[in-house]
Amino acid sequence: MLKFLTPLLIFAVLAIFLAIGLNLNPREIPSPFIDKPAPPFTLQTLDDPARTLSTADLKGQVWLLNVWASWCVSCRAEHPVLNRLAEQKLAVIIGLNYKDEPEDAKNWLARLGNPYDVSVLDMEGLTGIDWGVYGVPETFVIDKQGVVRYKHTGPVTDKDIETTFLPLLNTLQAE
Amino acid sequence: MRIIFLAFFLLWGVEAIAAAVEVKNFDTPEQERVYNSLISELRCLVCQNQTIADSNADLAKDLRAQVYKMLQQGKSRQEVVDFMTQRYGDFVLYNPPMKAKTSLLWLAPLLFLVIGLLVAWTVVRKKRLATHSESTHDSAQSEEIRRLLEQGDDR
């Protein structure tokens, strides 16, 4: 009896571990910033390089930081989703234009629509490093106290908006 | 045609070498040593199974530049490691620290060794018991055979 049970048991354990492994997303690296103050930045805006926006200006508001670039293919897939989210006006959406050419970025927004209240320039990618950005697009949710509450890596889908972002934004707005 | 192929492959090699060589000047050999050991211990987060020394991804280049800049500013090795883990978490380290969360990672090899030894021990013991009982069985059987043969002689 044991002779048949042992291989079966080993197989079951292996199968369970492999199934867990298959369902994990290795691209999803937990952000060390969750529940920590957002890394501060003061950056030039895309529309007017003479003006700057800093994280301190956004205190008291619930805001999203969406890291994007005109060269980023997944950002294009994500773009209509962000446009729809922007229409709902649930939070301020700040775009971090990551390692992009301002001209390309402007053309991109003119052609595809602009979901961002403000886009800021990170041409060197240094702010990206400060925020632990490793794959564009990435989206952070920051609460009224300036604390990072959630991070999404990769393109945001309508399903993510519905299941995660909307409930989170509503609770943060009520806080 | 063959010439074109040859040229293609030769040039391909040149490009790969050009991409891999980055000229960096260091103040001291010690600093260069720290730089090289750091970049081969930090994970490239885009191409996760490479260090930032091995990877040509944009982010790896930026992180190498960041490490270089911090060392030039006189930052210590530990300060660079802290800078990276603050932003990217322990995952960025190929040599993660021993913590409650990573204890399984560190202790698993030992655990598997113990399991392996236990299995080997039980298998060996079982084998030994089996051969032992088999040999007693054999002598009992041959006894029986001898008895039967003797009976046959009597007849």
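**Exercise 1. Work out how helices α3 and α4 of chain B are placed relative to each other.**

Step 1: get the geometry. In this predicted model, the axes of α3 (residues 58-72) and α4 (residues 77-88) of chain B come within 10 Å and cross at roughly 140°.

Step 2: turn the angle into a word. Angles over 145 degrees count as roughly antiparallel, those under 35 as roughly parallel and 65 to 115 as roughly perpendicular, with the rest called oblique. So α3(B) and α4(B) are oblique to each other.

Step 3: add the handedness. The crossing of α3(B) past α4(B) is right-handed.

Step 4: find the residues that meet. From α3(B) come B:V67, B:M70 and B:L71, and from α4(B) come B:E79, B:V80 and B:F83. Sort the residues of this contact and you get five nonpolar, no polar and one charged.

**Exercise 2. Now do the same for α2 and α3 of chain B.**

Step 1: look at the packing. Helix α2 (residues 29-39) of chain B packs against α3(B) at an angle of about 150°, and their axes are 10 Å apart.

Step 2: name the arrangement. The cut-off for roughly antiparallel is over 145 degrees, so α2(B) and α3(B) are roughly antiparallel to each other. The crossing here is right-handed.

Step 3: list the partners. On the α2(B) side you'll find B:Q31, B:V34, B:Y35, B:L38 and B:I39, while α3(B) brings B:R64, B:V67, B:Y68 and B:L71. By type, the residues of the contact split into seven nonpolar, one polar and one charged.

**Exercise 3. Zoom out and describe chain B as a whole.**

Step 1: count the elements. Chain B has five helices and zero strands, and its pattern along the sequence reads α-α-α-α-α.

Step 2: check the burial. Of the 155 residues in chain B, 13% are buried.

Step 3: check the sequence separation of contacts. Take the contacts in chain B between residues at least 6 apart in sequence: 39% of them join residues at least 24 apart.

Step 4: see how chain B meets chain A. Ten residues from chain A and eleven residues from chain B take part in the contact. On the chain A side, those residues are six nonpolar, three polar and one charged.

**Exercise 4. Is A:Y116 buried or exposed, and what does it touch?**

Step 1: locate it. A:Y116 sits in the loop between α3 (102-112) and β5 (118-122) of chain A.

Step 2: count neighbours. A:Y116 has 23 C-beta neighbours inside 10 Å, so it counts as buried.

Step 3: list its contacts. Skip neighbours within four places in sequence, and A:Y116 is in contact with A:I93, A:I94 and A:G95.

**Exercise 5. Compare the surroundings of A:K89 and A:K99, which both have a positive phi.**

Step 1: read the angles. A:K89 has a phi of about 50°, and phi of A:K99 is near 45°. Neither A:K89 nor A:K99 is a glycine.

Step 2: place them. A:K89 is in the loop between α2 (73-88) and β4 (92-98) of chain A, whereas A:K99 is in the loop between β4 and α3 of chain A.

Step 3: decide on burial. A:K89 has 9 C-beta neighbours inside 10 Å, so it counts as exposed. A:K99 has 20 other C-beta atoms within 10 Å, so it is buried.

**Exercise 6. Find the cis peptide bond between A:V136 and A:P137.**

Step 1: check omega. For the bond from A:V136 to A:P137, omega is near -5°, and the bond is cis.

Step 2: place the proline. A:P137 lies in the loop between α4 (126-130) and β6 (138-142) of chain A.

Methods: Residues are numbered from 1 along each chain as its sequence is written. Chains are lettered from A and ligands numbered from 1 in the order in which they are written. This is a predicted model: local features need pLDDT of at least 70, side-chain atom pairs count only at pLDDT 80 or more; totals for chains, interfaces and linings use all residues. Axes are lines fitted to C-alpha atoms, for helices over the stretch in contact, and angles run from 0 to 180 degrees between N-to-C directions. Helices (H or I, at least four residues) and strands (E, at least two) are DSSP runs, numbered from the N terminus. A crossing is left-handed if the near helix is turned anticlockwise from the far one by less than a right angle, and right-handed if clockwise. Two residues are in contact if their C-beta atoms, placed from the backbone, lie within 7 Å. Ala, Val, Leu, Ile, Met, Phe, Trp, Tyr, Cys and Pro count as nonpolar, Asp, Glu, Lys and Arg as charged, and the others, Gly among them, as polar. A residue is buried if 20 or more other C-beta atoms lie within 10 Å of its own, exposed if 12 or fewer, and partly exposed in between; C-beta atoms are placed from the backbone.
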